[in-house]
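Please read this report on the pockets of the structure shown below alongside the sequence.

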Amino acid sequence: MLTTRTQSGRFLKQLVIGATLATTLGATGIAQAVELRFGHGGTEDTAYHLGATRFKELVEDKSDGDIGVQIMGNSVLGHETEMFEQQMAGALDLSIINPGLITDFSSTANVFSIPFLYRDQAHWQAVLDGDVGREIADQITEETGVKVLAFFGGGKRQIVSSRPLESLDDLKGMKLRTNPTKPLIAAWSALGTEPTVMAWKEIYTGLQLGAIDGLLNEAEWIHRMRFHEVAPHIGLSEHDITVRLLTMSQMSWDRLDESQQQAVMEAAREAASYARQVQLEQDAEALDLLVEEGATLHELDRQRMQEIVSEPLAEVVEEMGLTELRQKIANVE
């Protein structure tokens, strides 16, 4: 159900934007040309935008020019949650969405907030490209009315700290800024930290003033936001590899004919594979840059971390009804 705020400000934004799928009909009533609007929150040098650009090129080629794409990045259409709601209303065609922002609409999306979900990068890729990934995508689609076409992502999440992380004992009492999801809170509490909620724009100042001691983030965004200037210690926990949803309004999808739908789906899968590779490369490059600029990397005992969080995490996952899905992910070879 949409909030009061959505019913006012956001709904007005949707009315102003209007229907964004432009379909020209021939005399027979069969779709001849389609123009899709693709909104996202990234700047031009991010995997978001590079992946969106690759999708545009691919879908125009695969549809022989029948499908055009207008890319509108840098959050010009609003925050990711707002863009997702625009897709639910049929007022935006395509976007890239953090699943953690849509858990009010999809309980299945919570699965991506479970730390230590993947054994390694190869396992992460196999999950997203395989049957389990498709099952997750279809469940989110059913729950929200927004079609999940494919998966972007690829940032490896680490611990950013204002104090050294020589061992797991150094996590004890750390005021750790994290998203307020049950799996994250359960896991990081078990590791001895004090999970803390803080707005994204306040993190740098919070680190400076000691309101928080650290946060969880990917190397690319640690570097972009200059967090290492005030928190120069990075614990290599790799407790998560990010997943982002390439989404399309179901209303927009339903207006396409069968050949157009096939072109969109093929382009989405190829663009997602490309975008994930770009993100992984940017992540590795950013980690190197952090070291060059004075950050200290600390190896952490990931196996011991997983042992510590295993029981409390299992309890929370069970409460959320995600045990079976988590096990399916674990079983992917």
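The following paragraphs describe two pockets and their linings.

This is a predicted model, in which local features need pLDDT of at least 70 and side-chain atom pairs count only at pLDDT 80 or more, while totals for chains, interfaces and linings use all residues. Residues are numbered from 1 along each chain as its sequence is written, and side-chain values use heavy atoms, with hydrogens and water left out.

A pocket is an open set of points on a 1 Å grid over the protein atoms alone, where a 1.4 Å probe fits, with protein on both sides within 12 Å along at least five of seven lines, and its lining residues have an atom within 4 Å of a point. Volume is the space filled by probe spheres set on the points, which are joined across faces, edges and corners.

| Pocket | Volume | Lining |
|---|---|---|
| Largest | about 1,300 Å³ | 40 residues |
| Second largest | about 250 Å³ | 16 residues |

In the largest pocket, Asn98, Leu101, Asn179, Trp200 and Arg244 lie nearest the centre. The elements giving two or more residues to this lining are α2 (47-62), β8 (214-218), α8 (219-224) and β9 (233-249), helices (H or I, at least four residues) and strands (E, at least two) being DSSP runs numbered from the N terminus. The largest share, five residues, comes from β9.

In the second largest pocket, Phe116, Leu117, Gln306, Arg326 and Ala330 lie nearest the centre. Here α11 (302-319) and α12 (323-331) each supply at least two lining residues, and α11 gives the largest share, seven residues.
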